[in-house]
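Me: I want to go through this model residue by residue. Take a look at it first, then answer my questions.

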Amino acid sequence: MDKQFAIQFAGSFAAVALLVALAAWAKIAKPMSPLSEARARALFADEFPGRALDALWVTNDGRGALARSGASALVLCEVGDGYAARHIPWAQAVAASFRDGVLKLDLKDVSAPRARLAFDSWPPAGAA
């Protein structure tokens, strides 16, 4: 009886360990390639169909982008293994905090509360 219990215990332990390993492996985010201008335009077109982009800025690290579309700022920011797309008033984007090369935008959204975008300077010349 003890030998049977030990075999069952070892089998159950191995099965649980395999399931835990599979679950851990499945949650590993695949690294994304840096965002290009063409990819950013495509993502904006998917998320905001029919919105013309007046100007587009891709971050230095390729982890986000910001576009001007009329009186709106369209924002792409990396979240997990994808991008969140949001829009805010352009005036809010221009007035946002910019320090140490990072633009911090308050998106006021539970699922994506803040965007941190790396630029050389902000706002760009002539964009205000």
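Me: Which strand holds serine 69?
Reply: This is a predicted model. Serine 69 belongs to a strand spanning residues 64-69, and that strand is E2.

Me: Is serine 69 buried or exposed?
Reply: Its relative accessibility is 8%. Buried means under 20%, so serine 69 counts as buried.

Me: Which side chain makes a polar contact with that of serine 69?
Reply: Setting aside neighbours within four places in sequence, serine 69 touches Arg51, Ala52, Asp54 and Leu74. A polar contact of 3.5 Å links its side chain to that of arginine 51.

Me: Which strand gives the most residues to the largest nonpolar core?
Reply: That core has 18 residues; Leu66, Val75, Leu103, Leu105, Leu107 and Leu117 touch the most other members. Strands E3, E4, E6 and E7 and helix H3 each supply at least two residues. The top contributor, with three residues, is E3.

Me: How many residues are in the other core?
Reply: This core lies apart from the largest one. Its members include Leu35, Leu43, Phe48 and Leu74. The count is 11 residues.

Me: Is phenylalanine 9 buried or exposed?
Reply: Phenylalanine 9 sits in helix H1, residues 2-26. Its relative accessible area is 54%. The cut-off for exposed is over 50%, so phenylalanine 9 is exposed.

Me: How much accessible area does the nonpolar patch with Phe9 have?
Reply: Phe5, Phe9 and Phe13 form this patch on the surface. Together they have about 400 Å².

Methods:
Residues are numbered from 1 along each chain as its sequence is written. This is a predicted model: local features need pLDDT of at least 70, side-chain atom pairs count only at pLDDT 80 or more; totals for chains, interfaces and linings use all residues. Side-chain values use heavy atoms; hydrogens and water are left out. Patches are made of residues with over 30% relative accessible area and no salt bridge: like charges are joined within 9 Å, nonpolar side chains (Val, Leu, Ile, Met, Phe, Trp, Tyr) within 5 Å. Accessible areas come from the Shrake-Rupley method with a 1.4 Å probe; for residues, only the protein chains shown count as cover. A salt bridge is a side-chain nitrogen of Lys or Arg within 4 Å of a carboxyl oxygen of Asp or Glu. Helices (H or I, at least four residues) and strands (E, at least two) are DSSP runs, numbered from the N terminus. Buried means under 20% relative accessible area, exposed over 50%, partly exposed in between (1.4 Å probe, protein chains only). A nonpolar core is a set of buried Ala, Val, Leu, Ile, Met, Phe, Trp, Tyr and Cys residues joined through side-chain atoms within 4.5 Å. A polar contact is a pair of N or O atoms within 3.5 Å; within protein, one must be able to donate a hydrogen and the other to accept it, and residues adjacent in sequence count only if both atoms are side-chain atoms. Contact means heavy atoms within 4.5 Å.
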